2 protein chains.
Amino acid sequence: MTSQATETRSAADARGPAEAGRGLPRADFRTEPARYKHWRLSFDGPVATITMDVDENAGLVPGYELKLNSYDLGVDIELYDAVQRLRFEHPEVRAVVLTSGKDKIFCAGANIRMLAASPHPWKVNFCKFTNETRNGIEDATENSGQVYLAAVNGTASGGGYELALACEHIMLIDDRSSAVSLPELPLLAVLPGTGGLTRVTDKRHVRRDLADHFATKAEGIGGKKAVQWRLVDETVPRAYWRERVTERARELAAGSSRPQAGTAGIALAPLEKTRSDTSVSYRHVAATLDRSRGVAEITVSGPDADPPDGMAGVRAQGAGFWTLAVTRELDDLILDLRTNELELGTWVLRTRGSAERVLACDQLLLHHQDDWLANEIVHYLKRTLKRLDVTSRSLIALIEPGSCFAGSLLELALAADRSYQLSGVFEDAEPGASPGEITVGEMNLGPLRMGNGLTRLATRFYGDADGLTAAVKRAGEPLPAEDAEALGLVTFAPDDIDWDEEVRIAIEERASFSPDALTGMEASYRFPGPETMETKIFGRLSAWQNWIFNRPNASGPDGALRRYGTGQRASFDRKRV
Amino acid sequence: MTSQATETRSAADARGPAEAGRGLPRADFRTEPARYKHWRLSFDGPVATITMDVDENAGLVPGYELKLNSYDLGVDIELYDAVQRLRFEHPEVRAVVLTSGKDKIFCAGANIRMLAASPHPWKVNFCKFTNETRNGIEDATENSGQVYLAAVNGTASGGGYELALACEHIMLIDDRSSAVSLPELPLLAVLPGTGGLTRVTDKRHVRRDLADHFATKAEGIGGKKAVQWRLVDETVPRAYWRERVTERARELAAGSSRPQAGTAGIALAPLEKTRSDTSVSYRHVAATLDRSRGVAEITVSGPDADPPDGMAGVRAQGAGFWTLAVTRELDDLILDLRTNELELGTWVLRTRGSAERVLACDQLLLHHQDDWLANEIVHYLKRTLKRLDVTSRSLIALIEPGSCFAGSLLELALAADRSYQLSGVFEDAEPGASPGEITVGEMNLGPLRMGNGLTRLATRFYGDADGLTAAVKRAGEPLPAEDAEALGLVTFAPDDIDWDEEVRIAIEERASFSPDALTGMEASYRFPGPETMETKIFGRLSAWQNWIFNRPNASGPDGALRRYGTGQRASFDRKRV
């Protein structure tokens with residue numbers, strides 16, 4: 001039974017009631033190499049090659065052709081899958097060549113007709129996911145020793161160049177026509193949507209005035225100037241191309257920190273998922289979709305059993321090992337709800353199970369951080385929690401008797417906009433239960449850093465060193481509601497008498513507010529303090545892009561996105577804002 | 001003759017053709033205490049008090065009443081003037097109390113009917129200016145030793161609380177009803193527009209989940225909880241209010257770094273300005289407004305004469321001293337064009353005069369940084385250049401024979417998105433001229449930091465330490481175009497043959513691009529590298545706010561901003577984006 005068999009509706013089916021008539025499929029983020037339509041994976045010892053060869057007739061949504069290696073969400077879902085599998089299934093891979101299977105074109109970026117025809121939320125979610133995938137490529141380079149090399153064997157424009165920018169090293173073929181470009185502004189009246197502006201200056205250190213010139217030249221820049229301006233690392237004549245790419249990939253592989261060679265990977269077996277209009281469920285994660293209240297009630301279950309004794313046991317369990325399994329499920333659920341359930345504006349987060357077992361799994365992984373698999377699992381959990389931080393939904397954590405908000409699962413409460421911990425128990429329902437507790441664990445103290453470079457705990461206590469110290473001191477100790485509230489680890493700690501009303505009002509109130517204003521507020525409050533390239537991409541750049549996407553100059557009937565390719569020039573309101 | 005006499009049209013006149021029919025006045029940013037309608041200034045030794053007492057019938061634009069000490073641009077123009085005058089005209093002032101002249105209300109923030117009725121660019125420019133004024137209050141506290149104390153003697157909501165947040169110390173009256181609040185999200189479906197979200201977490205270190213709760217409670221928080229949550233510094237019972245405010249102000253004054261006492265200030269005499277539909281001119285600054293090309297051609301002239309020997313001479317010249325005079329003129333011009341000339345999307349920046357004299361004025365100020373007036377002038381220049389950085393216009397600097405881009409004026413070229421330096425001279429027009437040169441001076445190496453905390457030179461060479469070192473090494477040396485280009489100090493250095501076409505194309509091309517996309521691109525490229533509270537406010541927060549302002553949930557006919565006060569609830573599109 002493949003994962004598809006448990007789906008109640010396939011990706012091509014019509015949408016649920018909320019999106020009826022839009023013609024957008026419910027996006028399914030699960031795939032596997034045998035089903036790829038747009039990418040090929042090949043292996044040569046420590047070097048893997050990911051070849052982009054987009055099937056122009058296999059767009060995810062009808063209505064556009066994916067010409068010139070342009071991409072839509074479906075193309076990017078496969079890329080994301082490939083990047084993930086390389087990390088888990090191929091411990092032997094130390095360098096990854098990203099290249100094109102087309103002649104003279106590397107990648108033309110996001111498909112313009114797709115963008116022009118897409119409603120605003122689809123565009124925003126598409127950009128968010130592609131951004132996360134490119135950040136994942138950088139994360140693989142930095143933290144898995146899988147160093148990405150962009151072998152730009154033809155023109156890379158817009159998102160195509162941004163894909164190269166996510167790689168550690170960019171080689172551009174020197175054939176007198178291939179160039180790199182960011183033509184979004186001159187051609188489409190929007191910004192590059194996957195971090196191009198930020199990476200050009202902050203990662204590659206292109207001087208800002210040169211970057212300005214570059215982003216206004218639709219035809220782009222190739223040859224020596226592209227190297228001088230730091231847009232690419234080197235250009236290579238066509239005659240030496242293959243040889244030089246191979247050579248460079250071998251060099252990068254040789255310098256990689258990837259520790260293992262000759263080790264077997266872990267197969268990422270198809271996720272078991274049941275999806276209906278009212279629920280999503282996996283082995284350890286379940287969500288109830290309450291459309292009338294606009295709420296997704298998400299419950300994450302702790303491990304069913306104690307973890308194995310060591311990493312050999314984890315390898316034997318493979319994708320079934322709790323931390324990996326629950327992370328994959330959460331990852332898929334976040335992507336599913338974020339993309340497909342726009343009107344479920346509040347996610348209520350609960351856990352249930354044994355805190356001790358959660359902490360035992362955490363310990364096992366953290367005490368074997370030199371093990372490549374332990375390292376991969378922790379970084380994957382980190383990336384998945386980061387998705388939550390940039391998800392435009394209100395997150396409310398409810399800490400009740402029977403819950404297991406400890407260590408890695410406490411991160412869910414720390415990621416939430418608010419948390420409520422029941423003081424005592426539900427007297428009517430379960431008077432004999434033990435009160436819910438939370439436990440700060442090692443996982444909260446370093447390995448799962450947010451995009452801003454801080455732990456969620458340090459972010460919470462930003463500017464309050466004493467508060468942070470006091471909370472860290474209690475690590476390992478199960479904390480009842482009163483202590484957790486006094487330490488500032490939860491927002492509120494109502495008792496049984498107040499719980500129902502306080503929580504209900506908080507959730508109802510959230511549903512009464514403007515969804516847009518909530519998005520802006522949460523995007524601000526979730527990232528106090530320092531900024532990084534990553535937070536700049538999701539905060540500053542995405543906010544500007546969202547604004548531009550909403551403006552008639554881009555998306556109106558006479559806007560550039562809509563008029564592209566019609567032969568008519570866009571008509572702009574010339575007021576500067 | 002007052003400054004008003006040279007205005008060709010008063011503030012209440014109709015707009016030029018570009019804005020005809022909008023009913024918005026051309027905003028005039030010049031005022032003086034004798035003309036204040038909304039504020040009172042009073043002095044008691046080292047303590048000044050600014051009392052907000054808004055005249056509800058004196059809004060800048062017809063159509064709304066400024067009830068409950070709410071403000072519009074006109075109110076904020078007076079506040080800006082007061083803050084500036086305290087720095088220059090009152091060296092004896094070491095603490096400033098900001099309070100309300102109304103009973104039970106401190107300030108209700110930006111006027112909602114004004115916001116609801118204003119076109120998008122007006123809202124955005126209004127928020128930008130109010131943000132700059134609040135940053136100026138913090139700058140006075142930090143760099144002038146004029147420490148601001150918010151004496152919140154009634155409810156402070158929205159922008160009213162944000163005004164308090166800009167102060168160093170916040171006192172809230174404890175009368176069982178006064179509270180502080182950020183009700184924008186629940187009541188208006190927008191974000192607090194003047195840095196409230198950022199300052200709550202990043203300046204006052206309110207925990208982010210408490211901040212979330214706070215920003216959803218329209219009625220706000222007062223009493224002990226306001227102190228516990230760090231929203232205010234102290235609450236004071238009504239009976240002790242005056243006494244305690246006076247006491248606190250004296251304490252802050254005693255701890256102030258303001259060096260002088262008993263020194264006379266510098267009168268900020270009315271600016272001489274001539275304004276028509278096609279030009280703006282002052283003594284040292286002039287702008288030609290070319291509506292057909294969408295360009296403002298701005299020329300800044302260097303000093304007419306050598307600077308005086310020392311600071312006594314500067315004091316004698318007062319507001320006539322070149323650096324101060326040119327800064328005031330630039331400040332006014334930026335505000336005028338930014339607010340009133342939305343369709344002039346490109347500002348071309350030129351200088352003319354003696355680079356030696358510019359550098360001599362710079363030296364004089366920098367060699368007397370302990371002098372309060374020298375300190376004020378340099379910080380004012382810094383703030384004015386920062387305005388340029390956040391101005392949503394394309395900035396192109398042209399460096400030609402006869403120009404004086406040196407030291408403080410070189411900052412104009414460094415602030416520009418691009419700069420062109422003519423290699424050689426204009427052979428036909430002035431074959432005997434000396435080629436234009438640029439000179440890096442001391443002013444470029446520290447005193448005029450951008451909002452990101454870096455100099456414009458360091459920002460330019462972000463990530464390129466060698467490039468920065470090479471440029472700094474040549475400080476003091478007049479650099480011809482070839483050298484400046486090789487050092488990376490200018491973008492391009494065309495010669496006479498290419499100049500006209502290259503520059504013309506650059507300007508024409510800029511006018512052909514989407515104004516919105518240019519705004520987003522420039523806002524990104526101008527701030528590579530590190531972020532600060534200030535850049536977060538102008539980058540992240542403003543971008544989200546702009547997006548939200550454009551969304552029907554806020555500004556549509558059924559949106560919250562438009563429906564506020566009608567008794568009808570807003571109707572929201574519930575999709576989360």
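**Notebook: chain A, its copy, and selected elements**

I began with the secondary structure of chain A in this predicted model, and I counted 23 helices and 20 strands. I then looked up the radius of gyration of chain A, which is 24 Å and close to the 25 Å that the globule rule gives for 577 residues, so chain A is as compact as a globular protein of that length. Along the principal axes, the C-alpha atoms of chain A fill a box of roughly 75 × 55 × 50 Å.

Next I turned to burial and contacts. Of the 577 residues in chain A, 65% are buried, where I take buried to mean under 20% relative accessible area. For contacts in chain A between residues at least 6 apart in sequence, I noted that 74% join residues at least 24 apart.

Then I traced a sheet. In chain A, I found an open sheet of seven strands, ordered S12-S13-S14-S15-S16-S17-S19, whose pairing is mixed. Its edge strands are S12 (274–275) and S19 (418–421) of chain A, each of which pairs on one side only. Within this sheet I followed S15 (residues 295–301) and S16 (residues 346–352) of chain A, which run parallel and are joined by seven bridges. As one entry in that register, I recorded A:Thr346 of S16(A) as the bridge partner of A:Val295.

I also checked two helices, one in each chain. Is helix H20 (residues 515–525) of chain A enclosed or open? Eleven of its eleven residues are buried, so I describe H20(A) as largely enclosed by the rest of the structure. The buried residues of H20(A) include the polar or charged names A:Asp516, A:Thr519, A:Glu522 and A:Ser524, as well as A:Leu518, A:Met521 and A:Tyr525.

In chain B, I looked at helix H13 (residues 372–389), whose 18 residues reach 26 Å from the first C-alpha to the last, close to the 26 Å expected at 1.5 Å a residue. H13(B) is mostly covered, with 18 of its 18 residues buried. At the start of H13(B), I found a side-chain oxygen of B:Asp371 within 2.8 Å of the backbone nitrogen of B:Leu373.

Finally, I compared the two chains. Chain B superposes on chain A with an RMSD of 0.0 Å after a rotation of 180 degrees with 0.0 Å of shift along its axis. The two copies are thus related as by a two-fold rotation axis. I closed with the interface: 100% of the interface residues of chain B are also interface residues in chain A, so the copies meet through the same surface.

Technical notes
Residues are numbered from 1 along each chain as its sequence is written. Chains are lettered from A and ligands numbered from 1 in the order in which they are written. This is a predicted model: local features need pLDDT of at least 70, side-chain atom pairs count only at pLDDT 80 or more; totals for chains, interfaces and linings use all residues. Side-chain values use heavy atoms; hydrogens and water are left out. Helices (H or I, at least four residues) and strands (E, at least two) are DSSP runs, numbered from the N terminus. The expected span of a helix is 1.5 Å times one less than its number of residues. Buried means under 20% relative accessible area, exposed over 50%, partly exposed in between (1.4 Å probe, protein chains only). A polar contact is a pair of N or O atoms within 3.5 Å; within protein, one must be able to donate a hydrogen and the other to accept it, and residues adjacent in sequence count only if both atoms are side-chain atoms. Two strands pair if DSSP finds at least two bridges between them. Copies are superposed by least squares on the C-alpha atoms of residues with pLDDT of at least 70 in both. Contact means heavy atoms within 4.5 Å. The radius of gyration is taken over C-alpha atoms; the globule rule is 2.2 Å times the number of residues to the power 0.38.
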